[in-house]
Amino acid sequence: GLDLGFHKAGFDIVYSNELEPLFASSMEANKGNYVDESTIIESGDIRDLNIDQLPNNIDFIIGGPPCQTFSASGRRAGGASGQLDDRGTLFQVYGEVIAKKQPLGFLFENVRGILGSNKGKDWEDIKLYFTSLGYNLDYRILDACDYGAPQHRERLILVGHKMHNEFCFPRPPHGPASYNERKHISAFEAFKCIEDNSEAKILSFTGGKYSHLLKEVPPGENYLLFTEKRGYPKPIFAYRSRFSDFLYKADPDLPTKTIIASPGKYTGPLHWDSRYFTVQEYKALQGFPQDYILKGKRNEQIKQIGNAV
């Protein structure tokens, strides 16, 4: 997603590293269209990179070292371990590339949970590390829907640079902070670009303990409908006993909640027609062009979309 955005903004992506071979093959498949033909795409662990062999004269470096150790989804799996997890120290390897290539600037993307990981110590360490490389830092929590995505997706965006003045983040074109308080793009509006949505005919939401409940959920609501606090006659769930995306049905007139890479059986956003979203709909929600090629099975394609920026 970062590569695609910078490509569309006019940058030449000369080199890209991706750990997963299947995901790298998706990028290869889009060469000549959304990926430059000359882009070197290397699949492998960033810790094994030979930095000396990377291209020289780089203007800008972009990256989002794995965020699961700092994220809410990481906490679901047993606690956000931050730097205690092997993946939580990958920002240092990313920094080694910056230190060696000395670009004019760099972009670091991560989940907002990184700010509070280990009581804020992880973020202080990360800032100190990047500052030690000789860069000034400016960062903000940005919501993708303020910048034209039909999805609420808050991410920390840090820009490292060597300017004397601060980096000015662009004013949102949508939402309450926009010039004319322009409305956010709704999911329904975003889906207008979909020409072939035949997958919708074969998707169902059946076969699980709670599957039958989805049809009762109004658009924009979730499992809380079935709690005592909401007045449900025979409560099924305790209040706040699940994450807010459990049985969450998207409202077609609004941006959706954040889509994730590996959703569970009852994890939303789910379609207002009481089914799962199609891959084409996921693409539209995440800002990928409809003809962007994704390799792999359905769940592998969704993972690539949900992992993307």
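**Strand pairing, burial and voids in a predicted model**

User: Which residue in S6 is the bridge partner of Phe106?

Analyst: In this predicted model, Phe106 has Gly160 as its bridge partner in S6.

User: What makes S4 and S6 a pair?

Analyst: Two strands pair when DSSP finds at least two bridges between them. S4 and S6 are joined by 7 bridges and run antiparallel, so under the two-bridge criterion they pair.

User: How do you know that S3 and S4 pair, and how do they run?

Analyst: The same criterion applies. Strand S3 (residues 60–63) is joined to S4 by 4 bridges, and the two run parallel. One of the partnerships is that of Phe60 with Gly105 in S4.

User: Why is strand S4 described as mostly covered?

Analyst: A residue is buried when its relative accessible area is under 20%. In S4, which spans residues 105–111, 7 of its 7 residues are buried.

User: What share of the protein as a whole is buried?

Analyst: Of the 309 residues in the protein, 46% are buried.

User: Why is the protein called as compact as a globular protein of that length?

Analyst: First, the inventory: the protein has 8 helices and 6 strands, which follow the pattern α-β-α-β-β-α-α-β-α-β-β-α-α-α along the sequence. The radius of gyration is 21 Å and the globule rule gives 19 Å for 309 residues; the two are close, so the protein is as compact as a globular protein of that length. The C-alpha trace spans about 65 × 45 × 45 Å along its principal axes.

User: How much of the contact set comes from residues 24 or more positions apart?

Analyst: Among contacts with a separation of 6 or more, 64% are between residues 24 or more positions apart.

User: Why does Ser16 count as buried?

Analyst: The relative accessible area of Ser16 is 8%; the limit for buried is 20%, so Ser16 is buried. Ser16 sits in strand S1 (residues 15–18).

User: What is Ser16 in contact with, leaving aside its neighbours within four places in sequence?

Analyst: Its contacts are Asp3, Met27, Thr39, Ile40, Ile41 and Glu42. By contrast, Leu270 lies 254 residues from Ser16 along the chain, with 32 Å between the two C-alpha atoms.

User: How many cavities of 30 Å³ or more does a search of the whole structure find?

Analyst: The search finds 1. The volume of the largest cavity is about 50 Å³, and its lining consists of Asp3, Leu4, His7, Ile13, Met27, Tyr34, Val35, Asp36 and Thr39. H1 contributes the most to this lining, with 3 residues. By class, the lining holds 5 nonpolar, 2 polar and 2 charged residues.

User: What makes a pocket something other than a cavity?

Analyst: A pocket is an open set of grid points, while from a cavity the 1.4 Å probe cannot get out. The second largest pocket holds about 1100 Å³ of space. It is lined by 32 residues, of which Leu2, Gly5, Tyr147, Ile157 and Val309 are the closest to its centre. Helix H1 (2–8), strand S5 (136–143) and strand S6 (154–161) each give two or more residues to the lining. The largest share, 5 residues, comes from H1. The lining of this pocket divides into 21 nonpolar, 7 polar and 4 charged residues.

User: Which residues of helix H8 are buried?

Analyst: In H8 (residues 298–307), they are Gln301, Ile302, Gln304, Ile305 and Gly306. These buried residues pack against helix H2 (21–29) and helix H7 (279–286).

User: What is noted about the phi of Asn57?

Analyst: Most residues other than glycine have a negative phi. Asn57 is not a glycine, yet its phi is positive, at about 55°. Asn57 is placed in the loop between strand S2 (40–43) and S3.

User: Is Asn57 buried or exposed, and is Ser274 buried or exposed?

Analyst: Exposed requires over 50%; Asn57 is at 79%, so it counts as exposed. Ser274 is at 16%, which is under the 20% limit, so Ser274 counts as buried. Ser274 also has a positive phi, near 60°, and is not a glycine. Its place is the loop between H6 and H7.

User: How do you know that the peptide bond from Gly268 to Pro269 is cis or trans?

Analyst: Its omega is near 10°, and the bond is cis. Most peptide bonds are trans. Pro269 lies in the loop between helix H6 (187–190) and H7.

Methods
Residues numbered from 1 in each chain as written. Predicted model: local features only at pLDDT ≥ 70, side-chain atom pairs only at ≥ 80, totals over all residues. Heavy atoms only, no water. 1 Å grid on protein atoms, 1.4 Å probe; cavity = no way out; pocket = protein on both sides within 12 Å on 5 of 7 lines; lining within 4 Å. Points joined across faces, edges and corners; volume = space filled by probe spheres on them. Nonpolar A, V, L, I, M, F, W, Y, C, P; charged D, E, K, R; others polar. Buried < 20%, exposed > 50% of the residue type's maximum accessible area, 1.4 Å probe, protein only. Rg over C-alpha atoms; globule rule 2.2 N^0.38 Å. Contact = heavy atoms within 4.5 Å.
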